[in-house]
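Here are a few exercises to work through with the coordinates open beside you. Try each task before reading its solution.

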Amino acid sequence: MNPIVANNKPVKVDLTAGKDYYFCACGRSDNQPFCDGSHAGTEFKPKPFTAEKSGDAFLCQCKHSANLPFCDGTHKKFDDSAVGKEGPGIEAGANKIPVASATTEEPTV
Ligand code: FES
């Protein structure tokens, strides 16, 4: 089961530093980008997070960002016809913290 693409653009929300939020990971909530309990009966659970700073943040609504709950631009691969449907799933390993590795451009990482 993959997350539903709730929208193909992020949503700007006003977060309060230190406050806990429950990000909808399943894509089924009617209260995007937050959980409204609609994941019941699926294998999904909301993703809790604590805002590190107050102010605007762009949260993922395509539900396929590798940096949930934040938008990482992955929504660009979904056109309007993908909205409201189950997506391809977050790429394997996408949720892991990227490990710096040396490249020709950045040989000293
Ligand atoms: S409604 Fe989507 S995670 Fe709860």
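**Exercise 1. Find which residues F34 touches, leaving out those up to four places away in sequence, and place F34 in its surroundings.**

Solution. Start from F34 in this predicted model and collect its contacts: V13, L15, Y21, Y22, F23, C24, S29, F49 and L59. Next, look at the largest nonpolar core, which has 15 residues. F34 is listed there among the residues with the most contacts inside the core, together with V13, L15, Y21, F23, F49 and L59. Finally, ask which strands feed this core: β1 (11-15), β2 (20-23) and β4 each supply at least two of its residues.

**Exercise 2. Describe the overall make-up of the protein: how many helices and strands are there?**

Solution. Count the elements to get zero helices and four strands, in the order β-β-β-β along the sequence. Then turn to burial: of the 109 residues, 35% are buried. For the contacts with a separation of 6 or more, 62% join residues 24 or more positions apart. The accessible surface comes to about 6,800 Å², and carbon and sulfur atoms hold 51% of it.

**Exercise 3. Work out the setting of K63: is this residue buried or exposed?**

Solution. First locate K63, in the segment after β4 (55-59). Its relative accessible area is 0%, so K63 counts as buried. Now search for a partner of opposite charge. The nearest such side chain, D36, is 9.9 Å away; a salt bridge needs a separation within 4 Å, and K63 has none. A polar atom of the K63 side chain does lie 3.4 Å from the backbone oxygen of C60. To see what surrounds K63, set aside neighbours within four places in sequence; the contacts are then P3, I4, A6, F23, C24, A25, G27, Q32, P33, L68 and I90.

**Exercise 4. Look for backbone geometry worth a second glance: which peptide bonds are cis, and what is the phi of K63?**

Solution. Begin with the usual picture: most peptide bonds are trans, and most residues other than glycine have a negative phi. Then check omega. The bond from Q32 to P33 is cis, with omega near 5°, and P33 sits in the loop between β2 and β3 (47-50). The bond from L68 to P69 is also cis, with omega near 10°; P69 belongs to the segment after β4. Last, check phi: for K63 the angle is near 70°, a positive value in a residue other than glycine. To link this with Exercise 3, note that Q32, P33 and L68 are among the contacts of K63.

Methods:
Residues are numbered from 1 along each chain as its sequence is written. This is a predicted model: local features need pLDDT of at least 70, side-chain atom pairs count only at pLDDT 80 or more; totals for chains, interfaces and linings use all residues. Side-chain values use heavy atoms; hydrogens and water are left out. Buried means under 20% relative accessible area, exposed over 50%, partly exposed in between (1.4 Å probe, protein chains only). Lys and Arg count as positive and Asp and Glu as negative; His and the chain ends are not counted. A polar contact is a pair of N or O atoms within 3.5 Å; within protein, one must be able to donate a hydrogen and the other to accept it, and residues adjacent in sequence count only if both atoms are side-chain atoms. Contact means heavy atoms within 4.5 Å. A nonpolar core is a set of buried Ala, Val, Leu, Ile, Met, Phe, Trp, Tyr and Cys residues joined through side-chain atoms within 4.5 Å. Accessible areas come from the Shrake-Rupley method with a 1.4 Å probe; for residues, only the protein chains shown count as cover.
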